[in-house]
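Trainee: I would like to go through the labels on this model and test each one. Can we take them in turn?

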Amino acid sequence: VIRPNSHITTAQMSGQDLLTLGYLLDAQTILRNNGVPTMPDGTYHVILDNQSERQLWADQDFKIFFAGRIQSNEYKSGQIYSLLGLTIIPTTESYVQAPSTGATGAAQVQTTIRRVLVAGAESLIQGNFQGLENWLARQGVEAIADVRVVNNIAHVFRPPLDRLQQFMSLSWTWIGDFAVPTDLTATTSIIPTASSALFKRCVIIETAG
């Protein structure tokens, strides 16, 4: 977890702790130092909300990076696509923590906290149940439907029940799980620049806003 201005806890943060390009590069450095591979497109992915992206537009380093580049695609479209080995992905689903009321000590959060996620390859792995297309073929169950698997999702077609065979119904199901792999074995004896964290494939940047 990266917090601006060397804050140790979330409770220490104030409204001045905004997202900058430098913190994104710090996260990128941590991932590279731990040998985390990039995404298939060759970059690390930055997942943030629109408020955090707005803070990035106001950062001085970012402005210098695009100085005199009004013709750039970023300024023409108002969308930051990819820069410095990072792909920016805005979302409305990023985690936002509201200020705490009535809390004291380390639990007291004075400002709204936004968390930006910078992730490398295989930070989250999807596992799909094998043989899903045959789940109605087990003993004791008659073949009463047509099962077709598309992108690991089983689409189940029920045979038409009307006399003219015109009306069909479709349902879908998916069996699987998502796993977060551990990098416990990636120690400094293997990768000299590795950190001591248990999970090294993503970095969270806490900012205010």
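Trainee: Why is L198 called partly exposed?
Mentor: This is a predicted model, and its relative accessibility for L198 is 40%. Buried needs under 20% and exposed needs over 50%. The value for L198 lies in between, so L198 counts as partly exposed.

Trainee: Where is L198 placed, and how far is its C-alpha atom from that of P181?
Mentor: L198 is in the loop between strand 10 (176–179) and strand 11. Its C-alpha atom is 9.4 Å from that of P181, with the two positions 17 residues apart along the chain.

Trainee: What makes G176 partly exposed?
Mentor: G176 has a relative accessible area of 36%. That is not under 20% and not over 50%, so the label is partly exposed. G176 belongs to strand 10. From G176 to Q130 the C-alpha distance is 8.9 Å, and they are 46 residues apart in sequence.

Trainee: Is E206 buried or exposed, and how do you know?
Mentor: The relative accessibility of E206 is 4%. The cut-off for buried is under 20%, so E206 is buried. E206 is part of strand 11. The C-alpha atoms of E206 and R115 are 4.7 Å apart, although 91 residues separate them along the chain.

Trainee: How many aromatic pairs does the structure hold?
Mentor: There are 2 aromatic pairs. One of them is W57 with F62, which is edge-to-face.

Trainee: What makes W57 and F62 edge-to-face?
Mentor: Their centres are 5.2 Å apart and their planes meet at 75°. A pair needs centres within 6.5 Å, and edge-to-face needs planes over 60 degrees apart, so both tests are passed. Both W57 and F62 are buried.

Trainee: Why is the pair of W174 and F178 called tilted?
Mentor: The ring centres of W174 and F178 are 5.7 Å apart, and the planes are at 40°. Stacked needs under 30 degrees and edge-to-face over 60, so this pair falls to tilted.

Trainee: How do you know whether W174 and F178 are buried or exposed?
Mentor: W174 has 27% relative accessibility, and F178 has a relative accessible area of 44%. Neither value is under 20% or over 50%, so W174 and F178 are both partly exposed.

Trainee: How do you know that the charged end of R148 sits over the ring of F157?
Mentor: The charged end of R148 is 5.6 Å from the centre of the F157 ring. The distance cut-off is within 6 Å, so that part is met. The charge must also lie within 35 degrees of the ring normal. R148 is listed as sitting over F157.

Trainee: What makes L84 stand out in its backbone?
Mentor: L84 has a positive phi of about 55° and is not a glycine. Most residues other than glycine have a negative phi. L84 sits in the loop between strand 2 (82–83) and strand 3 (86–90). Its relative accessible area is 37%, so L84 counts as partly exposed. L84 and Y44 are 9.6 Å apart, C-alpha to C-alpha, and 40 residues apart in sequence.

Trainee: What is the phi of E122, and where does E122 lie?
Mentor: E122 has a positive phi near 60°, and E122 is not a glycine. E122 lies in the loop between strand 5 (113–119) and strand 6 (125–128).

Trainee: Which element gives the most to the lining of the largest pocket?
Mentor: Strand 11 (residues 202–208) does, with 3 residues. The lining includes C202, V203 and I204. By class there are 7 nonpolar, 2 polar and 1 charged residues. The largest pocket has about 180 Å³ of space.

Trainee: How confident is the predictor, and which elements have the lowest and highest mean pLDDT?
Mentor: The average pLDDT is 82, and 85% of the residues score at least 70. Helix 4 (residues 73–77) has the lowest mean, 63, and strand 1 (residues 44–48) the highest, 92.

Notes
Residues numbered from 1 in each chain as written. Predicted model: local features only at pLDDT ≥ 70, side-chain atom pairs only at ≥ 80, totals over all residues. Heavy atoms only, no water. Phe/Tyr/Trp six-rings, centres within 6.5 Å; stacked < 30°, edge-to-face > 60°. Buried < 20%, exposed > 50% of the residue type's maximum accessible area, 1.4 Å probe, protein only. 1 Å grid on protein atoms, 1.4 Å probe; cavity = no way out; pocket = protein on both sides within 12 Å on 5 of 7 lines; lining within 4 Å. Points joined across faces, edges and corners; volume = space filled by probe spheres on them. Helix = DSSP H or I, 4+ residues; strand = E, 2+ residues; numbered from the N terminus. Nonpolar A, V, L, I, M, F, W, Y, C, P; charged D, E, K, R; others polar. pLDDT = per-residue confidence, 0-100.
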